[in-house]
Amino acid sequence: MPTQALLPILLLCVLLLQAQGGHLRRNKMNSMPLPPKEIQICEKRFKIHLCRSTCTEDRDCQANNICCLSFCGRICMNIL
């Protein structure tokens with residue numbers, strides 16, 4: 001008798017999973033990369049030697065630095 005009850009429960013679980021979009025779609029949604037953040041103009045004053053540390057996005061810079069736009073191009077600048 002207990003094995004006959006497992007089949008409807010299993011069928012119900014499969015139907016609920018499909019109603020939520022399936023397990024493959026949910027995994028794809030969790031692994032989607034975030035859209036790139038736009039490079040903003042540097043708000044703080046910076047020294048001219050920072051023009052040597054160029055970047056294309058924030059992850060190109062070291063910790064506590066962001067990539068921002070200046071007169072000499074995109075540079076890594078400390079946010080603190």
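Leu7, Leu10 and Val14 come together as a nonpolar patch on the surface, with about 300 Å² of accessible area between them. A patch here is built from residues with over 30% relative accessible area and no salt bridge, joining like charges within 9 Å and nonpolar side chains (Val, Leu, Ile, Met, Phe, Trp, Tyr) within 5 Å. The areas come from the Shrake-Rupley method with a 1.4 Å probe, and for residues only the protein chains shown count as cover. The structure is a predicted model, in which local features need pLDDT of at least 70 and side-chain atom pairs count only at pLDDT 80 or more, while totals for chains, interfaces and linings use all residues. Residues are numbered from 1 along each chain as its sequence is written, and side-chain values use heavy atoms, with hydrogens and water left out.

Val14 of this patch sits in helix 1, which covers residues 2–19. Helices (H or I, at least four residues) and strands (E, at least two) are DSSP runs, numbered from the N terminus. Val14 has a relative accessibility of 44% and therefore counts as partly exposed. On this scale, buried means under 20% relative accessible area, exposed means over 50%, and partly exposed lies in between (1.4 Å probe, protein chains only).

Next comes the sheet. Three strands make up an open sheet in the order 1-2-3, with mixed pairing. Strand 1 (40–41) and strand 3 (73–78) occupy the edges and have a single partner strand each, so one side of each has no neighbour in the sheet. Two strands count as paired if DSSP finds at least two bridges between them. Strands of a sheet pair through backbone hydrogen bonds, in either a parallel or an antiparallel sense. Both senses can be followed here: strand 1 and strand 2 are parallel and share two bridges, whereas strand 2 and strand 3 run antiparallel and are joined by six bridges. Between strand 1 and strand 2, Gln40 has Cys68 as its bridge partner. Between strand 2 and strand 3, Ile66 is matched with Met77. Strand 2 and strand 3 also form a hairpin, with two residues between them.

Ser70 offers a good place to look at this hairpin in detail. Ser70 belongs to strand 2 (residues 65–70), and its bridge partner in strand 3 is Gly73. Is Ser70 buried or exposed? Ser70 counts as buried because its relative accessibility is 14%. Leaving aside residues up to four places away in sequence, Ser70 touches Cys42, Phe46 and Ile75, where contact means heavy atoms within 4.5 Å.

Cysteines give the chain a further set of links. How many disulfides does a search of the whole structure find? The search finds four, a disulfide being a pair of cysteine sulfur atoms within 2.5 Å. Such a link is a covalent bond between the sulfur atoms of two cysteines. When the bonded cysteines of the chain are numbered in sequence order, the pairing reads 1-6, 2-7, 3-5, 4-8.

One of these disulfides joins Cys42 and Cys68, with the sulfur atoms 1.9 Å apart. Cys42 lies in the loop between strand 1 and strand 2 and Cys68 in strand 2, so this pair ties together parts that are 26 residues apart in sequence. The link of Cys42 and Cys68 is right-handed, with 90 degrees about the S-S bond. Cys42 is buried at a relative accessible area of 13%, and Cys68 is buried at 3%.

Another disulfide connects Cys51 and Cys72, whose sulfur atoms are 2.0 Å apart. Cys51 is in the loop between strand 1 and strand 2, Cys72 is in the loop between strand 2 and strand 3, and the pair links these distant parts of the chain, 21 residues apart. With -90 degrees about the S-S bond, the link of Cys51 and Cys72 is left-handed. Cys51 counts as buried at 18% relative accessibility, but Cys72 counts as partly exposed at 30%.

Cys61 and Cys76 are also joined by a disulfide (S to S 2.1 Å). Cys61 lies in the loop between strand 1 and strand 2 and Cys76 in strand 3, so the pair ties together parts that are 15 residues apart in sequence. The torsion about the S-S bond of Cys61 and Cys76 is about -85 degrees, so the disulfide is left-handed. Both Cys61 and Cys76 are buried.

Finally, a search of the whole structure finds one salt bridge, defined as a side-chain nitrogen of Lys or Arg within 4 Å of a carboxyl oxygen of Asp or Glu. The side chains of Glu57 and Arg59 form this salt bridge (2.4 Å, N to O). Glu57 is partly exposed with a relative accessible area of 29%, while Arg59 counts as exposed at 71% relative accessibility.
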